[in-house]
Amino acid sequence: MSIFTPTNQIRLTNVAIVRMKKAGKRFEIACYKNKVMSWRSGAEKDLDEVLQTHTVFTNVSKGQVAKKDDCIAAFQTDDLTEICKQILVKGELQVSDKERHAQLEQMFRDIATIVVEKCVNPETKRPYTVNLIERAMKDIHYSVKVNRSTKQQALEVIRLLKDSMKIERAQMRLRLRLPVKDGKRLKEKLKPLIKVMESEEFAEDLDIVCLIDPGCFREIDELIRGETKGKASLEVLSLKEVEEGDEKLE
């Protein structure tokens with residue numbers, strides 16, 4: 001697919017079009033294929049890797065550029081980069097049925113993969129396989145939402161799957177080193193955030209090894225850094241509570 005703009009004949013190839021209707025007008029941007037969803041999921045941060053040109057069109061295929069007055073009326077700005085960002089986030093990605101089906105299949109598998117990375121069977125402490133999670137997602141008739149990130153949807157899937165199977169977020173094993181003078185006070189504040197206290201040693205510092213839910217990591221990190229003015233340390237020993245040498249369960 002080759003596209004030309006009438007003013008300077010810039011040739012655009014490998015084009016993915018994102019379209020938005022606003023204030024009664026149609027606006028389009030030209031993006032690189034496979035980059036739109038990467039931007040929306042947060043995997044791609046560089047806008048120039050997504051946009052073929054910082055130009056707003058009324059019709060990309062015909063090279064028809066949107067009028068400045070129309071852009072201002074619809075978006076309250078003439079900053080083309082800002083307008084492109086709005087269209088990129090909220091617009092509709094124009095894809096063929098075949099491309100859309102492939103995109104949905106890939107996102108479905110990506111969501112299942114994230115669930116596997118974050119979760120275990122709480123009874124065995126072993127992870128499930130991607131294939132099993134995919135089957136479970138089909139059993140609950142989960143529908144992929146193309147405008148939401150795969151991580152957000154994976155967290156939603158975990159909540160939904162808890163009604164039909166034994167599944168819990170995998171726990172993180174941490175080592176906390178706290179100044180002795182702050183140790184007892186901090187330990188009390190940390191207790192609600194810790195799932196399992198595995199070991200506790202007093203030496204020059206208070207050394208704690210514990211298991212936590214991954215969602216509590218940032219709160220713990222901010223708590224100990226703020227309370228000790230950076231004198232405490234936190235080390236992630238493992239990202240999953242999985243017994244070594246165990247096969248993934250089918």
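A nonpolar core is a set of buried Ala, Val, Leu, Ile, Met, Phe, Trp, Tyr and Cys residues joined through side-chain atoms within 4.5 Å. Buried means under 20% relative accessible area, exposed means over 50%, and partly exposed is in between (1.4 Å probe, protein chains only).

Some ground rules before we start. The model is predicted: local features need pLDDT of at least 70, side-chain atom pairs count only at pLDDT 80 or more, and totals for chains, interfaces and linings use all residues. Residues are numbered from 1 along each chain as its sequence is written, and side-chain values use heavy atoms, with hydrogens and water left out.

**Exercise 1: the whole chain**

Take stock of the helices, strands and burial in the protein chain.

Step 1. The chain has eight helices and 13 strands; these are DSSP runs, numbered from the N terminus, with at least four residues for a helix (H or I) and at least two for a strand (E).

Step 2. Of its 250 residues, 41% count as buried. The exposed surface comes to about 14600 Å², with carbon and sulfur atoms supplying 47% of it (Shrake-Rupley method, 1.4 Å probe; for residues, only the protein chains shown count as cover).

Step 3. Now for contacts, meaning heavy atoms within 4.5 Å. Among those with a separation of 6 or more, residues 24 or more positions apart account for 63%.

**Exercise 2: the cores**

Work out which residues touch the most other members of the largest nonpolar core, and which elements build it.

Step 1. This core has 44 residues, and Cys31, Ile87 and Ile133 touch the most other members.

Step 2. Two or more residues each come from strands E3 (15-22) and E4, and from helices H1 (36-41), H2, H3 (80-90), H4 (97-118), H5 (130-139) and H6 (150-161). H4 gives the largest share, seven residues.

Step 3. There is also a second, separate core of 18 residues, with Met172, Leu176, Ile212 and Cys216 among them. As background, nonpolar side chains tend to be buried together in soluble globular proteins.

**Exercise 3: two buried residues**

Describe the surroundings of methionine 37 and leucine 161.

Step 1. Methionine 37 is found in helix H1 and is buried, at 18% relative accessible area. Leaving out residues up to four places away in sequence, methionine 37 touches Leu93, Gln103, Met107 and Val146. Valine 89 is 52 residues from methionine 37 in sequence, yet their C-alpha atoms are 9.4 Å apart.

Step 2. Leucine 161 sits in helix H6, and its relative accessible area is 0%, so this residue counts as buried. With the same sequence neighbours left out (up to four places away), leucine 161 touches Ile133, Ala136, Met137, Ile140 and Ile167. Between leucine 161 and methionine 137, 24 residues apart along the chain, the C-alpha separation is 7.5 Å.

**Exercise 4: an aromatic pair**

Find the aromatic pair and say what it ties together.

Step 1. Rings of Phe, Tyr and Trp (its six-membered ring) pair if their centres lie within 6.5 Å; planes under 30 degrees apart count as stacked, over 60 as edge-to-face and the rest as tilted. By this rule you get one aromatic pair.

Step 2. Phenylalanine 27 and phenylalanine 75 form it, edge-to-face, at 5.1 Å centre to centre with 70° between the planes.

Step 3. Phenylalanine 27 belongs to strand E4 (residues 25-32) and phenylalanine 75 to helix H2 (residues 68-75), so the pair ties together parts 48 residues apart in sequence. Both phenylalanine 27 and phenylalanine 75 are buried.

**Exercise 5: helix H8 and what follows**

Sort the faces of H8, then look at lysine 229.

Step 1. H8 (residues 217-228) has 12 residues and reaches 17 Å from first C-alpha to last, close to the 16 Å expected at 1.5 Å a residue (1.5 Å times one less than the number of residues).

Step 2. Its buried residues are Ile220, Asp221, Leu223, Ile224 and Thr228. Down the axis of H8 they fall within an arc of 165°, so they line one face of the helix (the arc is that of the directions from the helix axis to the C-beta atoms). They pack against strand E10 (172-179), helix H7 (180-190), strand E12 (205-212) and strand E13 (233-238). On the other side of H8, Arg218, Glu222 and Gly226 are exposed.

Step 3. Lysine 229 follows H8, lies in the loop between H8 and E13, and has a positive phi of about 55° although it is not a glycine. Most residues other than glycine have a negative phi. Lysine 229 is exposed, at 75% relative accessible area.
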